[in-house]
Amino acid sequence: MSISSLNLDTVNKTLANSSPSEIIAWALSLNKNTIMTTSFGFYSAVSLHALVSTEGGEDIPVVWVDSGYNVRDAYQTADQLTQRLKLNLKVYNPLMSSERRNAIMGGAPAHGEPLFDEFVRQVKLEPFERALNELQPEIWITGIRKEETEHRRNLDIVTIDDRGIIKVAPLFHRTEADLEAYLEKYNLPNCAHYFDPTKVQDHLECGLHTFTSLKPQ
């Protein structure tokens with residue numbers, strides 16, 4: 001199926017009541033180059049478990065942009081999930097070490113400070129664009145949910161971004177209660193103290209789902 005022939009309204013209506021695994025299976029059935037992204041933050045285990053539990057999902061590259069500013073809990077959860085689920089993990093780090101950046105910037109800038117946008121570019125956007133350039137995905141499976149931010153309320157399970165990438169969100173209509181129940185059912189670890197310095201507040205975007213390219217237009 002070509003991207004141009006994908007009827008988003010029909011697809012989203014068809015998938016509206018599907019389970020995360022069923023949505024992932026639909027994405028994989030398109031037979032296109034596919035990645036999943038993860039932060040190893042709150043409830044990341046749900047989408048990761050759903051991926052590897054779906055036929056063919058165990059081979060899908062899982063992209064983690066490790067900013068270098070994750071908390072201890074996130075790194076421990078990442079290690080536990082990678083080993084338990086046997087993830088095909090692809091880690092992308094910033095080109096500059098956090099120690100060097102802290103020396104130059106005086107630590108992670110707060111949202112609204114002059115250096116904040118450059119900080120986000122260095123630790124999140126540039127590594128992710130490098131991942132896209134190397135892996136060349138046509139489908140991007142994400143863990144975003146409708147109730148998380150105002151921007152995400154205007155999206156759907158399947159969307160196509162400005163780069164022409166099909167974005168699939170198998171947890172889009174799931175609530176926190178749904179995810180808690182999933183974690184309990186499969187006894188999955190969860191990062192309880194996650195903090196993203198590029199997002200700062202829960203209702204803000206970190207940039208991955210709103211930027212198109214770092215290249216000049």
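Here is a quick tour of this chain, from its overall layout down to a few individual residues. Keep in mind that you are looking at a predicted model. The chain has 217 residues, and 49% of them count as buried. Its secondary structure adds up to eight helices and six strands.

**Overall layout**
- If you walk along the sequence, the elements come in the pattern α-α-β-α-β-α-β-α-α-β-α-β-β-α.
- So much for the outline; the groups below pick out some places to look at.

**A pair of strands and the helix between them**
- Strand β2 covers residues 61-65 and strand β3 covers residues 88-92; the two pair in the parallel sense, with five bridges between them.
- To get from β2 to β3, the chain passes through helix α4 (residues 72-85), and this β-α-β crossover is right-handed.
- For a spot to find in the pairing, try Val63, which stands opposite Lys90 in β3.

**Helix α5 and its two sides**
- Helix α5 runs over residues 98-105, and its buried residues are Ser98, Arg101 and Met105.
- These three sit on the same side of α5, because they cover an arc of only 60 degrees around the axis.
- Turn to the face of α5 that points away from the buried side and you meet the exposed residues Glu99, Arg100, Ala103 and Ile104.

**The cavity**
- Counting cavities of 30 Å³ or more gives one.
- The largest cavity has a volume of about 50 Å³.
- Its lining is made up of Thr142, Ile144, Leu155, Asp156, Ile157, Thr159, Lys167, Val168 and Ala169.
- Sorted by type, the lining residues of the largest cavity come to five nonpolar, two polar and two charged.

**Two residues with positive phi**
- Gln136 is not a glycine, yet it has a positive phi of about 50 degrees.
- You'll find Gln136 in the loop that joins α6 (116-135) and β4 (139-141).
- Asn187, also a residue other than glycine, has a positive phi near 50 degrees.
- Look for Asn187 in the segment after α8 (176-186).
- Is Asn187 buried or exposed? Asn187 has a relative accessible area of 61%, so it counts as exposed, the cut-off for that label being over 50%.

Technical notes: Residues are numbered from 1 along each chain as its sequence is written. This is a predicted model: local features need pLDDT of at least 70, side-chain atom pairs count only at pLDDT 80 or more; totals for chains, interfaces and linings use all residues. Side-chain values use heavy atoms; hydrogens and water are left out. Two strands pair if DSSP finds at least two bridges between them. Helices (H or I, at least four residues) and strands (E, at least two) are DSSP runs, numbered from the N terminus. A crossover is right-handed if, with the strands pointing away from the viewer, the path from the first strand over the helix to the second runs clockwise. On a 1 Å grid over the protein atoms alone, a cavity is a set of points where a 1.4 Å probe fits but cannot get out, and a pocket is an open set with protein on both sides within 12 Å along at least five of seven lines; lining residues have an atom within 4 Å of a point. Grid points are joined across faces, edges and corners, and a volume is the space filled by probe spheres set on the points. Ala, Val, Leu, Ile, Met, Phe, Trp, Tyr, Cys and Pro count as nonpolar, Asp, Glu, Lys and Arg as charged, and the others, Gly among them, as polar. Buried means under 20% relative accessible area, exposed over 50%, partly exposed in between (1.4 Å probe, protein chains only). The arc is that of the directions from the helix axis to the C-beta atoms.
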